[in-house]
Amino acid sequence: MEMRNIAAMLQSFRDDLPADSRTAAAIDRGASLEEISELAEAEGLHKLASVLFEAEQEALRDGPDAVEEAGAATDTFIQAARQDLPADSKTAAAIDRGASWEEISEIAEEEGLHQIASVLFEAEQEALRTSTNA
C-alpha cells in the first residue's frame with residue numbers, strides 16, 4: 001500500500017472517529033503509522049490497527065513482492081470489515097463469495113459503507129498504477 005493510499009485510508013477512518021479520539025488526534029497531526037496503530041488498538045479500533053500493522057510490515061519490506069503484500073493488506077482489511085457487517089448485508093455476501101474488490105467497493109458504496117468503498121477504490125487504483133508501470 002503506497003503512502004498516498006495509506007493517507008486516504010487513514011482519512012476515511014478519521015472521518016468516522018469522534019473528535020475526542022486520541023487516534024483521530026494522531027492522524028490529524030501526522031503521527032507515525034506505528035503510533036496511530038497503537039492508539040487505534042488501545043481505543044478498540046482493531047480493524048484500523050490491523051490494516052496499519054500490515055502497512056507497517058510492508059514498509060519494512062522492499063522488492064518484487066510489494067504488490068502481493070499490498071493485496072494481502074487489503075484482503076486483511078476486507079476480512080476485518082466483514083466481521084462487523086450484518087448477515088443480511090449485500091457487501092458481506094459479496095465478500096463471502098469472493099467477489100472482486102471493484103464489485104465489493106460498488107456494493108459497499110450503494111449500502112453507504114463509504115470507508116470500505118474508499119479503501120477498496122484506492123487499492124484498485126494502486127493495483128492499476130502498479131500494473132501499468134511494471
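**Exercise 1. Contacts and overall make-up**

Task: State what share of the contacts with a separation of 6 or more is made by residues 24 or more positions apart, and then describe which elements the chain contains.

Solution: In this predicted model, residues 24 or more positions apart account for 40% of the contacts in the protein chain that have a separation of 6 or more. Turning to the elements, the protein chain has eight helices and zero strands, and, read from the N terminus on, their order is α-α-α-α-α-α-α-α. As a last step, consider burial and surface: 43% of the 134 residues count as buried, while the accessible surface of the protein chain comes to about 7400 Å², with 51% of that area belonging to carbon and sulfur atoms.

**Exercise 2. The largest nonpolar core**

Task: Find which residues of the largest nonpolar core touch the most other members, and work out which helix gives the most to this core.

Solution: The largest nonpolar core holds 33 residues, and those that touch the most other members are Met9, Leu10, Leu52, Phe77 and Ile116. At least two residues of this core come from each of α1 (3-14), α2 (22-28), α3 (33-42), α4 (46-60), α5 (66-83), α6 (90-96), α7 (101-110) and α8 (114-133). With five residues, α4 gives the most to this core. To follow one member in detail, take leucine 10, which, leaving aside its neighbours within four places in sequence, is in contact with Ile27, Leu33, Ile36, Leu48 and Leu52.

**Exercise 3. One helix and its two ends**

Task: Explain why the buried residues of α3 are on the same side of this helix, and describe what is found at the start of α3 and after α3.

Solution: Begin with the list of buried residues in α3, which is Leu33, Ile36, Ser37, Leu39 and Ala40. These residues lie on the same side of α3 because they cover an arc of only 165° around the axis. At the start of α3, a side-chain oxygen of serine 32 reaches to within 3.1 Å of the backbone nitrogen of glutamate 35. The helix is followed by glycine 44, whose phi is positive, near 80°.

**Exercise 4. A serine in a loop**

Task: Locate serine 89, decide whether this residue is buried or exposed, and name the partner of its side chain in a polar contact.

Solution: Serine 89 is placed in the loop between α5 and α6. Its relative accessible area is 6%, and because buried means under 20%, serine 89 counts as buried. The side chain of serine 89 makes a polar contact, at 3.0 Å, with the side chain of glutamate 111.

Notes: Residues numbered from 1 in each chain as written. Predicted model: local features only at pLDDT ≥ 70, side-chain atom pairs only at ≥ 80, totals over all residues. Heavy atoms only, no water. Core = buried A, V, L, I, M, F, W, Y, C linked by side-chain atoms within 4.5 Å. Buried < 20%, exposed > 50% of the residue type's maximum accessible area, 1.4 Å probe, protein only. Helix = DSSP H or I, 4+ residues; strand = E, 2+ residues; numbered from the N terminus. Contact = heavy atoms within 4.5 Å. Areas by Shrake-Rupley, 256 points an atom, 1.4 Å probe, with all protein chains shown as cover. Arc of directions from axis to C-beta. Polar contact = N/O pair within 3.5 Å; in protein donor to acceptor, adjacent residues only side chain to side chain.
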